[in-house]
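Here is a friendly walk through one protein model. Have a look at the sequence and the 3D view first, then read on.

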Amino acid sequence: MSKTVDQFVDAILASGTYQPLDRIYVTNRVLGLVGDDDAVEAKSDDLLDVVDALLATAVKNGKIEDGQSDRDILEAELTDLLTPTPAKVNQEFWNEYQKSPEDATNFFYNLSRKNDYIKTRSIAKNIVFDAPTDYGDLEITINLSKPEKDPKAIAAARNQKSNTYPLSQLAIENEGYRGRLGYPARTNHRVIRLTLGGEPWGFQYSPYAYFSEHAIFLLQEHRPMVINQHTFGNLLEIVRLFPHYFVGSNADLPIVGGSMLAQDHYQGGRHDFPMMKAPLDRKIKLAGFDDVDAGIVNWPMSTIRLSGETPESLINAATAIANSWQHYDDESVDVRSYTDGERHHTVTPIAYRRGSKFVLDIVLRDNQTSDKYPDGIFHPHQDVQHIKKENIGLIEVMGRAILPARLKTEMQEVKHYVLGDSNEMKDYHKAWADQLKADHKFTADNADGIIDQSIGEVFARVLQDAGVFKWDDKGQAAFDRFIAQIK
């Protein structure tokens, strides 16, 4: 037997998924997937290098095509052999939970990394840096982790029958799904079951995490996203169960919401976002909620922070804010709840703990468009769309920019331009780059730092554009009027 196959079988047995008596059986499972001929030797003893060698072996033996889709499917099938069944994973998770919530999530997170469900090598490619602004240090990421579309898979998909199973990439039915051309492999995927608000939910990690322990909580029933009193209760229940995590929900409307509005879900994890660190600009009083501490957060997006030791009080206060906002109008600042019967107002809620206190941040959202701002009045305006054009969802609301991969190469061309070198800079960066040249004396040593800082300042402007009550006298007076009428 080849060294590579033996290495992988050793890892499978060491994981505890199978017993030593199962060695021959497991070996034949691996050979069935990669072929019986001699395996390609791994470049190191690292488990992922061993898996890479097995994938190369499968290509050499004609078991798979040398395309990204086939390789992903086989990789998930191989690493599934390292992964306990869903029932065993759930049993172990809740056994660990008896020690502490942190022990439980550590177990599940480490398992999801070890079996390469969480794509650690791909995530490491992302560009990440902080940028000081008037609102604190914003977190800038250029997302390079998600694989590009496989041309072979795109071509083959033309001849493939339409498939509606699983219904979406957030459906519970993804657990253990083999994958197909154009749809990700999930053989090694596991979901923790839990109950929220009397309904069955699942808890999993994101394969291409945007931050530490990036978790997803998904309703098992296929139901569109909605923000209501039930949502606030679920979010606070999650941070009661997992006090070391935050959790939040994207808004439930286009433009101001996320990309998967058809499946009710939340995102959470172990990360302290810039918005969560932001101080209050001023305290406020909410009529009828004397046991809730409330205030306006010093943040570019219009955010009301609620805190207290009684979740029920926070739920009721958040519900009063959301219900009032849904029907609130103030023409003086372009705030309109409905036009032609179409609803425009919703909120982005985020829950977390501060010691014994529960905290609920409620971000006001408005998805109107206009002739001047066809992409959204409270959306990145045209002059900053060269950096960020996409929707401002939950993660970015909290101060972590998810910027497109194109910026990695485009910023190098901007650097050449500001240094006066030959370049192929995109025309849509020219006005910004010319302003940078006017404001700074560039050298080869300082160019990268100035450009990075300017990207951070552009992202702060993006968040200001998305804020419904601006940080000027007129905007804050309008914010106070909204607060005063909440009942």
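With 487 residues, how does the radius of gyration of the protein agree with that of a compact globule? The protein has 25 Å, and a compact globule would have a value near 23 Å, so the two agree. That radius is taken over C-alpha atoms, and the globule rule is 2.2 Å times the number of residues to the power 0.38.

A quick word on ground rules. This is a predicted model, where local features need pLDDT of at least 70 and side-chain atom pairs count only at pLDDT 80 or more, while totals for chains, interfaces and linings use all residues. Residues are numbered from 1 along each chain as its sequence is written, and side-chain values use heavy atoms, with hydrogens and water left out.

**The overall picture**

Along its principal axes, the C-alpha trace spans about 75 × 60 × 45 Å. The protein has 16 helices and 15 strands; these are DSSP runs numbered from the N terminus, with helices being H or I of at least four residues and strands being E of at least two. Buried residues make up 54% of the 487, where buried means under 20% relative accessible area, exposed over 50%, and partly exposed in between (1.4 Å probe, protein chains only). The accessible surface comes to about 21,800 Å², and 49% of that belongs to carbon and sulfur atoms. Those areas come from the Shrake-Rupley method with a 1.4 Å probe, and for residues only the protein chains shown count as cover.

Contacts (heavy atoms within 4.5 Å) often reach far along the chain: among those between residues at least 6 apart in sequence, 62% join residues at least 24 apart. The domain assignment gives domain 1 (3-64) and domain 2 (126-400 + 473-485), with bounds that come from an automatic or database assignment. The centres of domain 1 and domain 2, taken over C-alpha atoms, are separated by 41 Å.

**The sheet**

Now for the strands. An open sheet of 10 strands runs in the order 3-4-5-7-6-13-14-10-9-8, with antiparallel pairing; two strands pair if DSSP finds at least two bridges between them. Strand 3 (192-196) and strand 8 (280-284) stand at the edges with a single partner strand each, so one side of each is left without a neighbour in the sheet. On average, neighbouring strands here are turned by 25° against each other, direction ignored.

Which strands are joined to strand 14 by bridges? They include strand 10 and strand 13, as the table shows along with another antiparallel pair.

| Strand pair | Bridges joining them |
|---|---|
| Strand 6 (246-248) and strand 7 (265-269) | 3 bridges |
| Strand 10 (303-308) and strand 14 | 6 bridges |
| Strand 13 and strand 14 | 10 bridges |

You can spot some of the partners yourself. Phe246 has Gly269 as its bridge partner in strand 7, Ser307 stands opposite Val359 in strand 14, and Arg354 stands opposite Lys357 in strand 14. The hairpin of strand 13 and strand 14 has 2 residues between the strands, and Gly355 there takes a positive phi near 65°. As for strand 14, 9 of its 10 residues are buried, so it is largely enclosed by the rest of the structure.

Two helices lie across this sheet's strands. Helix 6 (residues 101-114) crosses strand 3 and strand 4 (199-205), at about 55° to strand 4. Helix 9 (residues 229-241) lies across several strands, among them strand 5 (215-219) and strand 13 (345-354), and runs at about 20° to strand 13. Axes are lines fitted to C-alpha atoms, for helices over the stretch in contact, and angles run from 0 to 180 degrees between N-to-C directions.

**Loops worth a look**

Ile377 is found in the loop between strand 14 and helix 12 (394-397). Ile377 is buried, at a relative accessible area of 9%. Leaving out residues up to four places away in sequence, Ile377 touches Arg336, Gln368, Thr369, Ser370 and Asp465. The C-alpha atoms of Ile377 and Gly467 are 9.7 Å apart, though their places lie 90 residues apart along the chain.Most residues other than glycine have a negative phi, and most peptide bonds are trans. Glu213, in the loop between strand 4 and strand 5, has a positive phi near 55° and counts as buried at 7% relative accessibility. Asp334 has a positive phi of about 65° and sits in the loop between helix 11 (311-326) and strand 11 (338-339). Unlike buried Glu213, Asp334 is partly exposed, with a relative accessible area of 35%. Finally, the peptide bond from Tyr165 to Pro166 is cis, with omega near -15°, and Pro166 has its place in the loop between helix 8 (151-157) and strand 3.
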